[in-house]
Amino acid sequence: MIAEPDGIAKVRIVKAPEMGFLERIYLVEVLKGLLVTSRHFFINLWRHMKKALGRETEPGAVTIQYPEDPAVVARRSRTHHRLLRREDGAPRCAACMLCETICPAKCIRIVAEESPDVMIEKRAKSFEIDLGRCVFCGFCVEACPVDAIRMDTGRVEMAAFWRTDMARDITQLLGERPRQ
Amino acid sequence: MPEITLSIDGVSVTVSEGALVIDAARSAGIDIPHYCYHPALGNPGVCRLCMVEVEGLPKLQVSCRLKAKEGMVVRTNSSAARRAQSSSLEFHLVNHPLDCPVCDQAGECLLQDTYQRCGLYSSTVREDKRHKPKRVKIGERIVFDSERCILCTRCVRFLDEVTKTRELGVFGRGDREEVELCPGRRVDNPYSGNIVDICPVGALTDADFRFQVRVWYLAGTASVCPGCARGCSIFVHSNVQRPWHAGGRRVVRLKPRFNPEVNGYWICDEGRYGCKSIDSPSRLKAPSLLKDGKVGAISWEDATKLVSAELAELCRAKGPQGLAVILSGTLSNEDLFAAKRLFIERLKAGHVLLRPGPDQLGEEDGLLRRKEKVPNLRGAQALGFGTAIRESSWEKILAGLTSGEIWGLYVVDRDPLAVWGAEAGEALLGLPFTLHQAANANRFTRAARWVLPSTSYAEEDATFTNFQGRTQRARKAVAPLGEARPDWRIFGGLLAALGAEFPYGSARSVFEALAGERSDLVGLDFELAPDGEPR
Amino acid sequence: MTPAMIGISWSFVKIFAALNFGMGLAAFLSWVERKQSALLQDRIGANRADILGARALGLFHILADPIKLLFKEDFVPPQGQRLWHDLAPALSLGCSALCLAALPFGDAVVLGGKTWSLQPLPMGAGVVFVLAMLSVGVHGVVMAGWSSASAYSLLGGLRGAAQMISYEVAMLSILAGPLFLYGTLDLSEAVQAQARTFWSFFPAWGIFLQPAAFILFLIAGAAETKRAPFDIPEGEAEIVGYFVEYSGMKFAMFMTNDFIETIVLAGLSTALFLGGWHLPGLGRLGLSQPVFALAGVGVFAAKMIAVLWLLMQVRWTLPRLRYDQLLALGWKNLLPLSLANFAATAWIVWWSRAG
């Protein structure tokens, strides 16, 4: 359906292609399908055997053996959060609550307190991200005015036995490292 | 006063003679950006932000010092006016630290608002910002940040003109100019919180509210302050969406609501910080019964049934003369209506006391604060308490207790031990019936056999009649804590359990029934919003 | 030892061997199923079960699965009937396991002047026996559906029964063609009937004499054994089948039954269409009779495995049929086609004899 500038939609009806006799008896098509799958079967079998014999070959499967092989995560993808520090090691977070405000999943909980440093003034007493609720939208990173939070750890695993274990507190978040 | 007509941005505006152009524009719905101007304070014209173009005058004029004249043609939106406003704003921001992320004012800051409206430039200032003292505690509740100050002098003028205490002044010149405490003074007057409200930026912050919760999380509910007999119009600011802020307090702060008839733009500190009782740990959450030295929780159904049965039995056996009821002026009109039905008409209690005693009297001044620290004394009087209904006295009740003449004490919202002294507690021990009905626990709560939790003023819809006889509406800002119920509902439950009629399901229906007894309420609409806006 | 006792013992040995062969192959097929599907879908397939770090291409899953299933709860729905619920998988599995006994695994061995048949249960009506056993298996399906006290199971069971009965009809009329040619219902004799060669090298197997019947037989057989693309009775993903209320080992018995039926189907196709233990050229190696017969067993197994491979390949190539399509295929296509094939065969046989 193509929308016209004047707002009237132009409709083109596409008919499903008619099946011929050979297609309707289905047998030939089944054979064609078998041919496709068999080609894959034998080529992959050949490659696996070649590899087992120690020969250089293309991989016989696209599977990533996950826990042994690292998960391939695109450089730009949003992964687990981390909190950054100032040059003197203090957390950068100013507890402005902008990430908490923008978070659509309401998974960020910050409690603010007075900083002993009068020039810093305000800092986070606690900073908690509940990854069980996080939707990894990255709004918190966008909203942060002091670049205190990033989603560049490259880590995506967050399985846990308890929901409470999916929450990350401020020390865990500060301890995260960026991906290498 | 004769009226004049002028044109502002092409809109014809009629105002009384002598009105300022900025006020005339506001009455036409045109908001001219401004910092130093405040309708209740003198207008020195220091911020230079409210510049407007006036036809026939060669230069731009400061609209907060310009009186409106017949036939005047004012443009607030012309490119010259815009440029002037924008340039003034840039000057204000030369030394402003722009630390909005940590600033408590962010979200209700006039600098932010004005920048969104007529700023939106990139700063051209290359010099370093001048640093000034930060986080200076200039009073018990006020924290001052000189860097953020734009020297509008609203606070100085408030202390000069309204409280006349003159703690602050402007010192220095040029970029060293600063608002500072006068030598040896601190801003500790009973109205000091107002300078935080009128500060257009984050220079003055409330030590109590600092970093507790961001202002954009707050919901405002128009209500009435229960702190004293004046009944100032207020906004109750509450945060229920994110309970981890402000240490779990739901009602985080109170702000004055403009009401020219009652409180103008201000409220006192006593009322302002009175909201802490709403979420204090002393709140009572469920009905309880003291039995064999142990306090046990009990359901409302059982409590209502047992209390009414006890009252009926004791009244029958020992006579209603021995029942002493201590009510409070903190009760709303609706509560008092139900209390009257229960204690006067149904039970015919021998002793009824409502007058504020030493526990509910305090300081008074000529500005806002009233001596009686209860919001509804006039409402109680209008219902007959202290007039048609003869009141007992603290001494008489204490004497009755010691002589054994009084068998029951029903106390609402008050602490008799605060009046009688702690030693009177022994006289209560052998009493067959003691009941404390209140929002917050006090010493009497521990002595009472029955404890019934009632709602605080921010948790119910109610009306209060202030010392002027003005009936105002308090609105429900947050849900009742725990199982707390409005007092009128508790009284109504007891009435129903005693077999009396109390067919009211909402505060509104009680109010409408009350209007049949009080002529001053006839024609008032329970839902009608009181006017007034924040400033 | 009396000859009778020797005969009985030999029968026991054969039945034991056939049963173990079938069960072992079924377990192995669960691995083949996973690996074959993985290979043709460019995956690796199950390979996580390991013993001391050794994974052996995922072969240990054959062990891991039954261990897991053994320790699972044997759940019977509260309103279900435990007796029938327990009996259903046993009946299904028992019937298909009996079919294994009828398969002619090899030629008779002549040893010590005696003839040792390699068919566990030599009988004159082997084909009928296999078809009958497969028919009795329907009861297991219906029983499972009914005793689970679940509407889903019941509908699944009835669907399964309708499907199996429909295709049984087609199956018999399909087999009528080749059996008419071989002139026997005995599976061993049917294999012997395919021993001939044309022009001394081209084998006279059923597949060449009755190609249409072979294709129809594979289709009907897949439907009869409820294999994909005809696995609607159990259609886990979309239509919930008759053993939805089964867990643990009872569930495993249904799964095993699935594989055993497939093996029986493969064995039947081998015996009736692929020349059984015959392989052209094998006779020229000059092997002694016992060795030759045992080599025949290997040939038979190899042919069976080839058919199993094909069935697996079909399973992972084709999407599932809709139920109405399934029944239409059975009644409107397979049955008329098979009858036509039988008629044509009869006519050709009559014509060739008359000519």
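Analyst: Two residues are in contact when their C-beta atoms, placed from the backbone, lie within 7 Å. Please keep in mind that this is a predicted model.

User: How do you know that chain B and chain C have no contact?

Analyst: Their closest C-alpha atoms are 39 Å apart. Set that against the 7 Å cut-off for C-beta atoms, and no residue of chain B is in contact with a residue of chain C.

User: Then which pair of chains has the most contacts?

Analyst: Two pairs touch, and chains A and C share the most contacts of these 2 pairs. On the chain A side 12 residues take part, and they meet 11 residues of chain C. The chain A side holds 6 nonpolar and 6 polar residues.

User: What makes you say which classes are missing from that side of chain A?

Analyst: Asp, Glu, Lys and Arg are the residues that count as charged, and the side of chain A touching chain C has none of that class.

User: How do you know what confidence to give chain C and the model as a whole?

Analyst: On a scale from 0 to 100, chain C has a mean pLDDT of 87, and 99% of its residues reach 70 or more. The scores of the model are ipTM 0.84 and pTM 0.75.

User: Let's turn to chain B. What makes α14(B) a mostly covered helix?

Analyst: A residue is buried once 20 or more other C-beta atoms lie within 10 Å of its own. In helix α14 of chain B, residues 487-497, 9 of the 11 residues are buried. Among them are Trp488(B), Arg489(B), Ile490(B) and Phe491(B). These buried residues pack against several elements of chain B, including α7 (300-318), α8, β19 (433-438) and α15 (507-514). Just after α14(B) comes Gly499(B), with a positive phi of about 90°. Over chain B as a whole, 48% of the 535 residues are buried.

User: Why is the largest nonpolar core said to lie between two domains?

Analyst: That core has 92 residues, and Val325(B) and Leu327(B) touch the most other members. Helix α8 (residues 333-346) of chain B contributes the most, 6 residues. Domain 2 (127-277) and domain 3 (288-521) of chain B both supply residues to the core, so it lies between them. Another core, of 79 residues, lies apart from it and includes Cys95(C), Phe105(C), Tyr182(C) and Ala223(C).

User: What does Leu327(B) touch, leaving out residues up to four places away in sequence?

Analyst: Leu327(B) touches Ala339(B), Val352(B), Leu353(B), Leu354(B) and Val412(B). On the scale of chain B, take the contacts between residues at least 6 apart in sequence: 67% of them join residues at least 24 apart.

User: And in chain A, why are β4 and β7 called edge strands?

Analyst: The sheet is open, has 3 strands in the order β4-β5-β7 and is paired antiparallel. Strands β4 (108-114) and β7 (167-168) of chain A each pair on one side only, which puts them at the edges.

User: How do you know that β5 and β7 of chain A pair?

Analyst: Pairing requires at least two bridges between the strands. Strand β5 (residues 122-130) of chain A has 2 bridges with β7(A), in the antiparallel sense, so the requirement is met. Asp130(A) stands opposite Ala167(A) in β7(A).

User: Where are the domains of chain A, and what separates their centres?

Analyst: Domain 1 covers 11-63 and domain 2 covers 82-175. Taken over C-alpha atoms, the centres of domain 1 and domain 2 of chain A are 49 Å apart.

Methods: Residues are numbered from 1 along each chain as its sequence is written. Chains are lettered from A and ligands numbered from 1 in the order in which they are written. This is a predicted model: local features need pLDDT of at least 70, side-chain atom pairs count only at pLDDT 80 or more; totals for chains, interfaces and linings use all residues. A residue is buried if 20 or more other C-beta atoms lie within 10 Å of its own, exposed if 12 or fewer, and partly exposed in between; C-beta atoms are placed from the backbone. pLDDT is the predictor's confidence in each residue, from 0 to 100. Domain bounds come from an automatic or database domain assignment. A nonpolar core is a set of buried Ala, Val, Leu, Ile, Met, Phe, Trp, Tyr and Cys residues joined through C-beta atoms within 7 Å. Helices (H or I, at least four residues) and strands (E, at least two) are DSSP runs, numbered from the N terminus.
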